[in-house]
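Reader: I would love a close look at the aromatic pairs in this model, followed by whatever else helps me place them. Could you walk me through that part in one go?

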Amino acid sequence: MNVSVIIEYIGVFLIFIGSLFAFVSAVGLIRFPDVYTRSHAATKSSTLGVLMTLTGALIYIVVSQGYFSVRLVLGIIFVFLTAPVSGHLVTRAAYRAKVKLADITIEDALEDVIHGKKEELKEDNTN
Amino acid sequence: MKINNVILRTVTKLVVFIILTLAVYLFFAGHNSPGGGFIAGLVLASAFVLLFIVYDMETIKNAIPLDFKKIAALGAFLAVGTGFGAFLFDVPFLTQAFDYFQVPFFGEIELTTVTIFEAGVTLAVVGVVVTIILSISEDV
Amino acid sequence: MTNLIVLPMALPIIIGIILIFLRPYIKTQRAITVIGLLTTIGISGYILQSVYTDGIMRLDFGGWQPPFGILFVADSFSAILVLVATIVTLICTIYAFSSIGREMENMYFYSFVNFLLAGVNGSFLTGDIFNLYVNFEIMLLASYVLIVLGGKKMQLRESIKYVVINIISSWFFLVGIAYLYAQLGTLNMAHISQLISESGQTPLLTITSLVFLVVFALKSGLLLYFWLPGSYSAPPTAVAALFGGLLTKVGIYSMIRVFTLIFYHETQITHLAIGILAGATLIAGSIGAVAYKDIRQIVAYNVIIAVGFILVGLAVMTQEAFEGSIYYLMHDMIAKSLLFLLAGTMITVTGEKRFDNMSGLIRNYPAFGWMFFIVMLSLAGVPPLSGFIGKVLVGQGAIEAGSFILLALAFISSIFVLYSLLRIFLNSFWGETIISFEDEIPLRKGWMVSFGLLTILMFVLGLGAEYFAPYVADAAYTLMNPQVYIDAVLND
Amino acid sequence: MGTLNFIVLIPFLTALLIPLFYKKGSRLHIGLLPILVAVSLFIYLLTYIPDIANGKTFLHTISWIPSYGINFTTYLDGLSLIFALLITGIGTLVILYSIYYLSENEQLGHFYTYLMMFMGAMLGVVLSDNLMVLYVFWELTSISSFLLIAFWYQRKRSREGAQKSMLITMSGGFGMLVGFLMLYAITGTMNVREIIEIIPDLTGHVLFVPAMLLLLFGAFTKSAQFPFHIWLPDAMEAPTPVSAYLHSATMVKAGIYLVARFTPVFGGEGVWFWIVTGVGIFTLFWGSFQAVRQTDLKALLAYSTVSQLGMIMSMFGMGSVALNFGYSTESVFYTQATFAALFHLINHSTFKGALFMAVGIVDHEVGTRDIRRLGGLATFMPITFTISLIGSFSMAGLPPFNGFLSKEMFFQAAIDITTLGVFHVDTLGNLIPIVAWIASIFTFVYSMIIVFQTFLGPYKEERLERPANESPIGMLISPLILAGLVLIIFFFPNVLGNYIIRPAMASVFPSLATQVDLGVEILRWHGFNSLALWMTIGVVLIGIILYKFPKIWRWIYVLFPGEWSFNSLYNFAIEQGEKSSRRFTNSYMTGDLRNYLMYIFSFFILLIAGAFVLTGSYNFTISDNAMISTFEWIIVMSLMIAAISILFAKSRLTAILLNSVLGYGVALLFVIFRAPDLALTQTVVETVTTVLFLVAYYFLPEWQKEQGTRKANLTKLVVSIAVGATFTVVALAAQNNRLFERISTYFEDSYELAGGRNIVNTILSDFRGFDTMLEVVVLLIAGLGVYSIIKLKAGKRGKKIENQ
Amino acid sequence: MIQTLLITSLILFGIAIAITLIRVIIGPSLPDRVLSLDMIGVQIVSALAIISILLKTKAFLEVILVLAILAFISTISFTKYIERGVIIERKRDN
Amino acid sequence: METLITILSGVLVTVGTYLLLSKSILRVVLGTAIFSHAAHLLIITMGGLKTGNVPILGDEDVSAFVDPLPQALILTSIVISFAVTAVILTISYRAYQTLGTDNLEELRGSKYD
């Protein structure tokens, strides 16, 4: 087993673990009670899973095909940059659109700050 | 109503830069790997769309003072115009010429009329997509 | 210089594009459009002549040998239609100069007209089935815009139906192409035809051809014309005239082309179906034409009758019948445009849509009234106007082929055409004059020019039928002998 | 050469010139130009008489559409000469009459244009030898008749009459055209002469009888034979000169001309004999029967014309049997009917023309033609009275007028035909003389009504518009000439017979004319043993009784109430036709897109699935299929689920979201199918489309739950599934029916051919670059279109909710 | 071994996509769906990476990047729609 | 695989047809979008699936490629569908704005009598 094969394995394992993460976060997406908690599953673990997979793929390709893909690197950077942002945006949108928090939620710190001021916001599209 | 978009805007700036680079890459890579005029145009257009979404129309229009309809027309003109080039050389309409040149330092370079054609396609696609999106959103 | 045959399509496109840059200069736009169309007419005439003398012309785009590239093929049939379509477009455009209004002219109206013509001419000329689809789309998109341009309620309402139905038909077209490609693996129409004659038209190919039948029936208004009466009534007069003259004709052309060049082996299925549809169209169109008092409805149903009539020629598949269909196509493009222009002008000058609300127009507009009378006779196939020779030849073909039911339907339908238009004439042009001379809206010069030109064309086509006979005969010969077309494309 | 052709064309040229010269109130009457033309044509045609009488014929051809055998061929023989003389002769008189009849305030320019057009067309009909050209002129006569009937187009009745005549005669014309085309199909020539030569060998052709029937249809509509006669009385709305000219003397005789002209083609056939004779004789009866009940003098004359035309028609029918025998004395015997027909044709033109003009004078002078308001005019209008007397008596078949001669010959022919041994004449044929006789009684009665109820009896000035006065002499010239002819022909019938009718007989019976002289000596006196004479005497006696005592038999008309006529059938058809066609069309043209789509999809299913099942093209195997991995299964299933759940989406955003999912899923599939370019494009386009949806949907209403009846939803479901199933099944079969190799392998050399390694891209930009170019144009149109549609708004903008 | 692992990972991603799709379908709120769509986007991106390895081709690397970008744009437009209705504002109001 | 994808496009067609037969214009537009997906899948299936490599000529010698022609056709078709979708969306939007309804039943238009 030479080095490259080992590195290949590392890549593949990264991919595999990434896929596990993705799977778990998908399960989380189903099982969590409200959109805010689900967004955790989606953005945190899923992002991690994707990043791991992509990194794994990058490594694997570098080793097996001897090709360093700038596009893949860019992709990794991109996902790294955007995934949290989109998660953030969705949650914020959800909150502004007055999506109900789960019953088990204890405190809504933003209630007065946002909903207090703007009753005019549309109640549209919430289901 | 004020919505704090700082995070989004910061990211967007970077992202748009990536997209533009990608678009240019896709445009030139198109003949030999996935990509090409169409896709480049679409990707480019999506960069504009992103800008419009994240910022607003007026800001972007001021930043990029272009009439996208004319860009689209120009693109179509280029695309159709390369066809008319055939009349000059008495070859069938839309005959594309290509050749390879050995250039020092860069190695083999391919020069082809397809590039002009593809540039037209790209411009047309960008122009049209942006025109469509803008026209509808402007009409509030 | 075979490149010439791309010009009837490429010239309007490039002019349409240039006009975009000239948006504020309406006068220049008009001038360029007219010059461009005149040039196109000249080129089309030249193409027709050269096809007649030197045989079928073809242009392989990019120089790729068929069947690998796309190509344009000009045989007499397509050349004739290109010529007439361009002439009709020119005349409708002249009408539009003084009717369409500055607002629309400023909204790229002339570009869209040019694009429409490009799509139409491209459809006539292309020899590649997928390219035909693309050409259809050019024509359709231009027509979508033209039908809705102006934004009146009726336009919007009818355009939705028009657009959706056309999307469906384009979709069927794609499906048909997919089926065909799966079986034959090629897109060049001549090549398809050749392969089919090698393998025989298997039942599945026949079914594929029926998919195309659905497509072209939708486009040409053969029985599936539900979109037609509404959408031809909605747009401004000049546009309606263009539609009336061109749109269904492209469907008819494609139907004829596909079912003579490609699917001509199983006529007892495909052509029987076409015959039945044509008969049903004649019946339903005739009934529709006498059902309403709204002028534009009547006129629209007349379009439907003509579709049925022309396709009788395809259904019976004889040399005479094809010649008749071709004559009738030429005639119908001209006469229908004129009819639409006249009907639209009647509505403009009276402000009424129903003929029983108009009366005595002939006192105010004598020349106008007589042109309506002439176009009515021409459409009914009264000699020596343009509709006559086509009718006679289709009739001959039908007799020769023994299709007496179609023959009867075709001729009875002309009585309905006559009656439907006669009612308009009697009620609106004759009768007590309602409009006083002070109130009358003067007819613009541009209108009269376009009416006059079309009327003259009807006479030319009718009295000078002999002049067109060799071209028409050549066109019909190619339709009857697809091998001529195939040889011109593949074997030289 | 081709002076004959010019005879036809000159009236048309005149028609074109008239509008140029016409000026209201000019010193010279515009009518002078046409009268000059007509009279010179008449005189010119007269010069042909000697040649024609010697058996010469004239033929000239000008090419028109030789490719289809359509040439402007004129042929002048005895038959056409009779008609041509009538057309130009009566035409001259009518124009002369009209100059005084029509006021200068009328649109005289139009009138004479139409009249000249008609004259040319009519000459064209009788002189053309080419079927198609004959048809051309035939339709032109219909058109000019239409224009002339509706000369006073402000009147509703004129327009209706014009419409009716146009529809009926044109329909007949179309039928006749088909008949001609069939003749062409049988014989392969468009020339009547050649057809006559060829046809004897082809009478067994399957199209022979249809062609004959269609041709007769044309002839009967034009000549107002029962039941197509209904247009003629309504055509009387035309100015009287027109009625006199078109609707009694010339145009209505075009049908008769046609029958005469085609007798050599179809004559001798039983069908021809029975239809022509039967329809003619019944029309004779029906016309005279209806004429008696009329109160409008012109309507009365119209029915009388119908009746007389029927009579002529029946005689041609009877004469045609001669051709059944070939040459023999017996056949010559039967040709006498035709001789009588031709003779009566001329006579009818003279006396009916005179009568029409006289009635026109009455109408013109007293302002009414209702016989209930007329009476006692003889003292005020003696000349008109004389003319009417001559005309009526001639029509009634009394001596010493030409009507007597031809009526006698008619009776004789009707009696003779009963001796015919073929066509089952021995049974039904006996009816012919009886019907003829009864009809003649009615003819007598209405003839008396015309002259006596108008001119004798009490003078009712208070019921007239204007007090009666004799008309200016100008208007009297033409009827006087005609009345004079009525007398002259009676005294010198054989001049006519020898020089004009005899050559015409040769045209009708070309095969017999070569063997024997078909001329007939017209006798004024047949002796007392002639049955025909006794029939005439009977007619007169019974006629006088009926005329004197109308009360005892008029109840008969109650049996034939007006609503039962074919006229009301026509009106009913027109009215109900519109209503029911509207109902029918509205029933499927609902304006609802859903219905239309339903029709289209159903059509698709029926046609494609139907053909699929019928041809049994089912062909399904998965052996050639590519492998499916688990991942792919999952993706495809997910896509199906996503697609189906769009149907259940409660909000539009969900639907768009799911559509996005579908789009990305399809992109993923493209990746799996090794199509990177497609995946790229699909991804971007999907996103842009989604953005577009979102942008546009902001302005659109939230989507409502689809409410519909259970049944409607079920139908939708069934149709959808059927469409999907048809689509799939055919697609599967198509895949497994791969007949040829793809052409695409060619493109695999793209690097050498087009200098690109990405095959798809080289196809797009080079091999099929034209598609791409057009696609750019499509995009451009869409972009501009969206811009224009948005920017250009009709009227005031805003979201006002109005329903139209 | 490598092959098996890769395929397993691919299947896992497939299942993940399917599960996420269920969330898109059942909602209940719009943000839920948008979130899930975004997640499907990145899951597909990863799946693409694995497919690229399996197919031994570089052709799909562009797709990965483009898909990542565009999923992001989609998400942004959806969130903006939910938040404000208008995706593209005429003029910023702050 | 071909069969499966064909069935998938069949399902898409069914869904699209059902949507097209709806009252709301929005659903109709969505229906057309789904229809175009179905057509694209059909076309690529008709060229044969996974019969070879990605149709990009690499340096290495690969003998079999998947059929590139349908891919080119689909590319064209995708763009055209996009153009059409844009136009019909615009039209329906304008129709709603002007006519105040997106319900096709209310868009029947005045009855001609």
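Author: Gladly. This is a predicted model, and over all its chains there are 105 aromatic pairs. Let us begin with one of them. C:Phe372 and C:Phe425 have ring centres 6.4 Å apart and planes at 5 degrees, so this pair is stacked; the angle falls under the 30 degrees that the term requires. C:Phe372 belongs to helix 16 (residues 366-379) of chain C, while C:Phe425 belongs to helix 18 (residues 404-429) of chain C, so the contact ties together parts that lie 53 residues apart in sequence. Both rings sit in buried residues: the relative accessible area is 0% for C:Phe372, and for C:Phe425 the value is 0% as well.

Next comes C:Phe373, which forms a stacked aromatic pair with D:Phe146, at 5.7 Å centre to centre and with 10 degrees between the planes. Here the pair crosses between chains, going from helix 16 of chain C to helix 6 (residues 131-149) of chain D. C:Phe373 and D:Phe146 are both buried.

Rings also meet charged side chains in this model. C:Lys391 lies over the face of D:Phe174, 3.4 Å from the ring centre. B:Lys69 is placed over the face of D:Tyr787, at 3.8 Å from the centre of that ring.

Staying with chain D, look at helix 11 (residues 240-249). In this helix of chain D, 10 of the 10 residues are buried, so the rest of the structure largely encloses it. Among its buried residues are D:Thr240, D:Tyr245, D:His247 and D:Ala249. On a wider scale, the domain assignment divides out domain 1 (268-552), domain 2 (554-589) and domain 3 (752-804) of chain D. The centres of domain 1 and domain 3 of chain D, taken over C-alpha atoms, are separated by 77 Å.

Back in chain C, a pair of strands is worth your time. Strand 1 (residues 57-60) of chain C runs antiparallel to strand 2 of chain C, and four bridges join them. You can follow the register through two positions: C:Met57 stands opposite C:Ala74 of strand 2 of chain C, and C:Asp60 has C:Leu71 as its bridge partner in that strand. From strand 1 of chain C, C:Met57 and C:Leu59 point one way and C:Arg58 and C:Asp60 the other, and all are buried. Strand 2 (residues 71-74) of chain C is likewise covered on both faces, with C:Leu71 and C:Val73 buried on one side and C:Phe72 and C:Ala74 buried on the other.

Chain E rounds off the tour. An unreviewed UniProt entry places the feature "transmembrane region" at residues 6-26, 35-54 and 60-82 of chain E. Residues 6-26 of chain E are 100% helix and 0% strand in the model, with the end C-alpha atoms 30 Å apart. Residues 35-54 of chain E are also 100% helix and 0% strand, and their end C-alpha atoms are 29 Å apart.

How confident is the predictor? Chain E has an average pLDDT of 83, and 96% of its residues score at least 70. Among the elements of chain E, the highest mean pLDDT is that of helix 1 (residues 2-26), at 88, and the lowest is that of helix 3 (residues 61-84), at 85. The model as a whole scores ipTM 0.93 and pTM 0.92.

Terms used: Residues numbered from 1 in each chain as written. Chains lettered and ligands numbered in written order. Predicted model: local features only at pLDDT ≥ 70, side-chain atom pairs only at ≥ 80, totals over all residues. Heavy atoms only, no water. Buried < 20%, exposed > 50% of the residue type's maximum accessible area, 1.4 Å probe, protein only. Pairing = 2+ DSSP bridges. Phe/Tyr/Trp six-rings, centres within 6.5 Å; stacked < 30°, edge-to-face > 60°. Lys NZ or Arg CZ within 6 Å of the ring centre and 35° of its normal. Domains from an automatic or database assignment. UniProt positions renumbered as here; feature names shortened; annotations may be inferred. pLDDT = per-residue confidence, 0-100.
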